[in-house]
Amino acid sequence: MRRTPGDTAWFRSARFGMFIHWGLYAMPARHEWVKTNERISEADYDRYFRHFDPDLYDPRDWARQAKAAGMRYAVLTAKHHEGFCLWDTQYTDYKSTHTPAGRDLLREYVEAFRAEGLRVGFYYSLIDWHHPDFPIDMLHPRRDDPDARRLSEGRDMRRYAQYMRDQVRELLTNYGKIDILWFDFSYGERRGEGKDAWMRGKGAADWEADALISLARSLQPEILIDNRADVEQDLWTPEQYQPLEWLRHPETGEYVTWEACQTFSGSWGYHRDESSWKSPEMLIRMLVNTVALGGNLLMNVGPTARGYFDRRAEAALRVYADWMRYNARSIYGCTMAEPELLNCLPADCRFTQSEDGTRLYLHLFAYPYAHVQLPGLAGKVEYAQFLHDGSELRFTEGHVEHFSVGAARQDGLLVIELPPVKPDVPVPVIELFLK
Ligand code: GLC
């Protein structure tokens, strides 16, 4: 396991967190990139700033729902690419205190989540489509303006890098202990094409990432930082993609601490008209798949412009709440099973294993009829039960117990008897107490 400067121990045992994308883009409600997707002018985008009034914002309710879902930490967009700040920063007027909301919304979030016993993180966008010093590039809303090049001249990236340091200092000074700082994102290798050949992507050198990160570490030594400032840190962050193996460090081959981030429906910000919401089974499987490969899942909610989680998001969170209430033991403090156990894994199943190695959890993605067979596990299991209700599951070793099967023995085979009807759980879990 690769060692990194931040405190990864709590993080790896927590396994499950809530991502929250909330900003002005909740109002157009058609993706958090709407400003650049639709090349909206400052003047037009300003209407959201003037009307931002989340009168139903109740972060205690968010925190309660996160906790009920089994999430143990949260990461909220203090600032997303649009540049709007949810806190009372002294470095810009483009902040919640100057909208009808009239207050520091980030502070309320921090207090509410902490009060529920959840760890608190900030997402901070490196990209900024509002700041006058952020040079226009191929992702910028002004990229297709006829005078884009002229508009971009004189924009001073070094001043913008200083602005980021000033803001990060505020975020990590004025809100108590912050557990995660989630920078997003770098695209330094990109170059404009054709008429845009003058455009440059942005990466570590542009952000002055080393200085930004050392500042963060000097203020909060244990903080976890992701890898998206283009500098390797504590967390590797695959997005909208489920790895098939535990991520490894590209040079040393060591396992790294990784966190998959995922959405309920595709967009990160609130999207009113999106219909690609994931099924309950898919939601549970994504969590299990992640922990089965030694990773964390950061599952996103995009609250509405009025500040609450809409019914679809609430329903998705309830899926996790219902499942985690009884099955969290196969998630918290669990990780990828030992290699020799992985060899015993039946089809359509996933293992996780407790850190101390004493319990093995078999997750049934497709419910098999009557028996589940684990080659190689005979002699290793002391007791077996369904995790959700603690009901015993009887097992035999070396053969399937039925007159019609014949007496052929299969050394090492463990056969667990299952009820013929799948229990009413999206993904049933069998808890195996190892000898
Ligand atoms: C992306 C997007 C973004 C989202 C993030 C979450 O990089 O730019 O909108 O915040 O991924 O991982």
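# A tour of the charged pairs

Asp133 is buried, with a relative accessible area of 7%. Select Asp133 to begin. The model on your screen is a predicted one.

**Stop 1: Asp133 and its partner**

Now add Arg159 to the selection. The two side chains meet in a salt bridge, at 2.8 Å from N to O. This pair links distant parts of the chain, 26 residues apart. Asp133 sits in the loop between β3 (119-125) and α6 (148-152), while Arg159 belongs to helix α7 (residues 157-173). Is Arg159 buried or partly exposed? Arg159 is partly exposed, because its relative accessible area is 49% and the buried class stops under 20%.

Why would two such side chains meet? Side chains of opposite charge can pair when their charged atoms come close.

**Stop 2: the whole chain**

Zoom out and show the cartoon. How many helices and strands does the protein chain have? There are 12 helices and 15 strands. The C-alpha atoms fill a box of roughly 85 × 45 × 45 Å along the principal axes. The radius of gyration is 24 Å. A compact globule of 435 residues would have one near 22 Å, so the value for this chain agrees.

Next, look at how the chain meets itself. Take the contacts with a separation of 6 or more: 70% of them join residues 24 or more positions apart.

**Stop 3: surface and charge**

Switch on the surface. The protein chain exposes about 18300 Å², and carbon and sulfur atoms supply 48% of that area. Buried residues make up 57% of the 435 residues.

Colour by charge. You should find 53 positive and 65 negative side chains. The centres of these two sets lie 2 Å apart. The structure holds 30 salt bridges. The next three stops visit some of them.

**Stop 4: Arg217 and Asp234**

Select Arg217 and Asp234. They form a salt bridge, with the closest N and O atoms 2.7 Å apart. Arg217 lies in helix α9 (residues 209-219), and Asp234 is in the loop between β5 (224-225) and β6 (259-263). The pair therefore ties together parts that are 17 residues apart in sequence. Check the accessibility of each partner. Arg217 is buried, at 14% relative accessible area. Asp234 also counts as buried, at 0%.

**Stop 5: Asp310 and Arg312**

Move to Asp310, then add Arg312. Here the closest N and O atoms of the salt bridge are 2.8 Å apart. Which partner is buried? Asp310 is, because its relative accessibility is 9%. Arg312 is partly exposed, at 27%.

**Stop 6: a network**

Select four residues together: Arg39, Asp144, Lys195 and Asp196. Salt bridges link them in a network.

**Stop 7: Arg350 and its surroundings**

End at Arg350, found in strand β9 (residues 349-354). Arg350 counts as partly exposed, at 29% relative accessibility. Which residues does Arg350 touch, leaving aside those up to four places away in sequence? Select Val288, Asn289, Ala292 and Leu345, then add Tyr361, Leu362, His363 and Phe365. Arg350 touches each of these residues.

One last selection is Ala337. Ala337 and Arg350 are 13 residues apart along the chain, and their C-alpha atoms are separated by 9.3 Å.

Technical notes. Residues are numbered from 1 along each chain as its sequence is written. This is a predicted model: local features need pLDDT of at least 70, side-chain atom pairs count only at pLDDT 80 or more; totals for chains, interfaces and linings use all residues. Side-chain values use heavy atoms; hydrogens and water are left out. Helices (H or I, at least four residues) and strands (E, at least two) are DSSP runs, numbered from the N terminus. The radius of gyration is taken over C-alpha atoms; the globule rule is 2.2 Å times the number of residues to the power 0.38. Buried means under 20% relative accessible area, exposed over 50%, partly exposed in between (1.4 Å probe, protein chains only). Contact means heavy atoms within 4.5 Å. Accessible areas come from the Shrake-Rupley method with a 1.4 Å probe; for residues, only the protein chains shown count as cover. Lys and Arg count as positive and Asp and Glu as negative; His and the chain ends are not counted. The place of a charge is taken as NZ of Lys, CZ of Arg, CG of Asp or CD of Glu.
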